[in-house]
Amino acid sequence: GNISIRIPSNSAFRLNAMAPGTRNIVLGGFSTSNLMFIGEGRKVVGNVGDGRATVDVRNQRGSISFFRR
């Protein structure tokens with residue numbers, strides 16, 4: 001299935017997201033130059049803000065979408 005994650009807009013975190021089967025990761029309002037797509041869109045890594053927390057998401061068959069709350 002698909003994963004939708006709502007994160008407060010002022011959050012700071014280190015992101016590690018992987019969707020190898022679909023290559024469908026939507027960063028929404030969190031898309032910055034500090035986040036890099038790797039492996040033809042299969043993986044996204046980087047920091048949002050100062051990266052104090054860690055968000056680690058994996059989905060083998062669906063998409064991953066991030067939304068500001």
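This is a short walk through one sheet and a few ring contacts in a predicted model.

I'll start with the sheet. Four strands make it up, and the sheet is open, with the order S4-S5-S2-S6. The pairing is mixed. At the edges we have strand S4, residues 35-38, and strand S6, residues 53-58. Each of those two pairs on one side only. From one strand to the next, the twist averages 10°.

Now to one pairing inside that order. Strand S2 covers residues 13-18 and strand S5 covers residues 43-48; the two run antiparallel, joined by 6 bridges. If you want a place to look on screen, take Ala-17, which stands opposite Val-44 in S5.

Next, the rings. How many aromatic pairs does the structure hold? The count is 1. The partners are Phe-13 and Phe-30, with ring centres 5.5 Å apart. Their planes meet at 65°, and the cut-off for edge-to-face is over 60 degrees, so this pair is classed as edge-to-face. Along the chain the two are 17 residues apart: Phe-13 belongs to strand S2, while Phe-30 lies in the loop between strand S3, residues 25-26, and S4. The pair thus links distant parts of the chain. Are these two residues buried or exposed? Phe-13 is buried, and Phe-30 is buried too.

Last, the charges over rings. Phe-30 comes up again here: the charged end of Arg-68 sits over its ring, 4.3 Å from the centre. There is also Arg-6, whose charged end sits over the ring of Phe-67 at 4.9 Å from the ring centre.

To recap Phe-30: its ring pairs edge-to-face with Phe-13, and the charged end of Arg-68 sits over that ring of Phe-30.

Methods. Residues numbered from 1 in each chain as written. Predicted model: local features only at pLDDT ≥ 70, side-chain atom pairs only at ≥ 80, totals over all residues. Heavy atoms only, no water. Pairing = 2+ DSSP bridges. Axes fitted to C-alpha atoms, helices over the stretch in contact; angles between N-to-C directions. Phe/Tyr/Trp six-rings, centres within 6.5 Å; stacked < 30°, edge-to-face > 60°. Buried < 20%, exposed > 50% of the residue type's maximum accessible area, 1.4 Å probe, protein only. Lys NZ or Arg CZ within 6 Å of the ring centre and 35° of its normal.
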